[in-house]
Amino acid sequence: MIPANRAYFGSKDYQQFLVIRQMAADLRMAVNVIPCPIVRDEDGLALSSRNRYLSSDERAQALSISRGLRLALAAVEAGETDTAKLIVKIRQVLSDAGIQRIDYVAIANPETLAEVAVVREPVIALIAAHVGETRLIDNLLLGPSSA
């Protein structure tokens, strides 16, 4: 009855958030699409209804996803700007945890999702990987210390 002027979407599925935001703009909807932060368990795992499908061993493996993102953040904060090197580091964390099926590890412009080669301004690191039979996604905004 009363049109909404705000819509809140979780940013765990960052690509979906961007699509919805763009769709609202394209359709000239008078709604402000607002991202909500990712909610994480105490151990760092992004909360998801899919987590219930993980065995205890798989859940331990899944923690490598947020670990890889935090490692990339620390590397960027320490001055690393080469995204190829960051992606290798993230993939290594996943591989070391026994994750064999990685759909993607990408570092991109947070507005366009165009992959970037060098971190010069804030970027988004995105991961989709299968832990057992469960596909999990996560992301983290990374920014150079001078930003």
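These legends describe close-up views of a predicted model.

**View 1. The whole chain of the predicted model contains three helices and five strands.** From the N terminus on, the order of elements is β-α-β-α-α-β-β-β. The radius of gyration is 16 Å, close to the 15 Å that the globule rule gives for 147 residues, so the chain is as compact as a globular protein of that length. The C-alpha trace spans about 50 × 40 × 25 Å along its principal axes. Of the 147 residues, 37% count as buried. Take the contacts between residues at least 6 apart in sequence: 57% of them join residues at least 24 apart.

**View 2. Y14 and F17 form an aromatic pair in helix α1.** The count of aromatic pairs comes to one. Its partners are Y14 and F17, with ring centres 6.0 Å apart. The planes stand at 50° to each other, and the pair is classed as tilted. Helix α1 covers residues 14-26. Within α1, Y14 and F17 sit three residues apart, about one turn of the helix. Y14 has a relative accessible area of 10%, so Y14 is buried. F17 has 3% relative accessibility and also counts as buried.

**View 3. Helix α2 packs its buried residues against α3, β4 and β5.** Helix α2 is made of 22 residues. From first C-alpha to last, α2 reaches 32 Å, close to the 32 Å expected at 1.5 Å a residue. Buried residues of α2 include A62, L63, I65 and S66. Further along α2, G68, L69, A72, A75 and V76 are buried too. Strand β5, one of the elements they pack against, covers residues 134-142. After α2 comes G79. The phi of G79 is positive, near 115°.

**View 4. S64 is a buried serine in helix α2.** The relative accessibility of S64 is 0%, so S64 counts as buried. The S64 side chain reaches the backbone oxygen of Q61 at 2.7 Å. Leaving aside residues up to four places away in sequence, S64 touches V93, L94, A97 and I99. Of these, V93 and L94 are among the buried residues of α3.

**View 5. Helix α3 has its buried residues on one side.** Helix α3 runs from residue 83 to residue 96 and has 14 residues. The distance from its first C-alpha to its last is 20 Å, close to the 20 Å expected at 1.5 Å a residue. T83, L86, I87, I90, V93 and L94 are buried in α3. They cover an arc of only 120° around the axis, which puts them on the same side of α3. V88 and D96 are exposed on the other side of α3. The cover over the buried residues includes α2 (56-77), β3 (101-108) and β4 (123-131).

**View 6. D82 caps the N-terminal end of α3, and G98 follows the helix.** A side-chain oxygen of D82 lies 2.9 Å from the backbone nitrogen of A84. Beyond α3 comes G98. The phi of G98 is positive, near 95°.

Key:
Residues are numbered from 1 along each chain as its sequence is written. This is a predicted model: local features need pLDDT of at least 70, side-chain atom pairs count only at pLDDT 80 or more; totals for chains, interfaces and linings use all residues. Side-chain values use heavy atoms; hydrogens and water are left out. Helices (H or I, at least four residues) and strands (E, at least two) are DSSP runs, numbered from the N terminus. The expected span of a helix is 1.5 Å times one less than its number of residues. Buried means under 20% relative accessible area, exposed over 50%, partly exposed in between (1.4 Å probe, protein chains only). The arc is that of the directions from the helix axis to the C-beta atoms. Contact means heavy atoms within 4.5 Å. A polar contact is a pair of N or O atoms within 3.5 Å; within protein, one must be able to donate a hydrogen and the other to accept it, and residues adjacent in sequence count only if both atoms are side-chain atoms. Rings of Phe, Tyr and Trp (its six-membered ring) pair if their centres lie within 6.5 Å; planes under 30 degrees apart count as stacked, over 60 as edge-to-face and the rest as tilted. The radius of gyration is taken over C-alpha atoms; the globule rule is 2.2 Å times the number of residues to the power 0.38.
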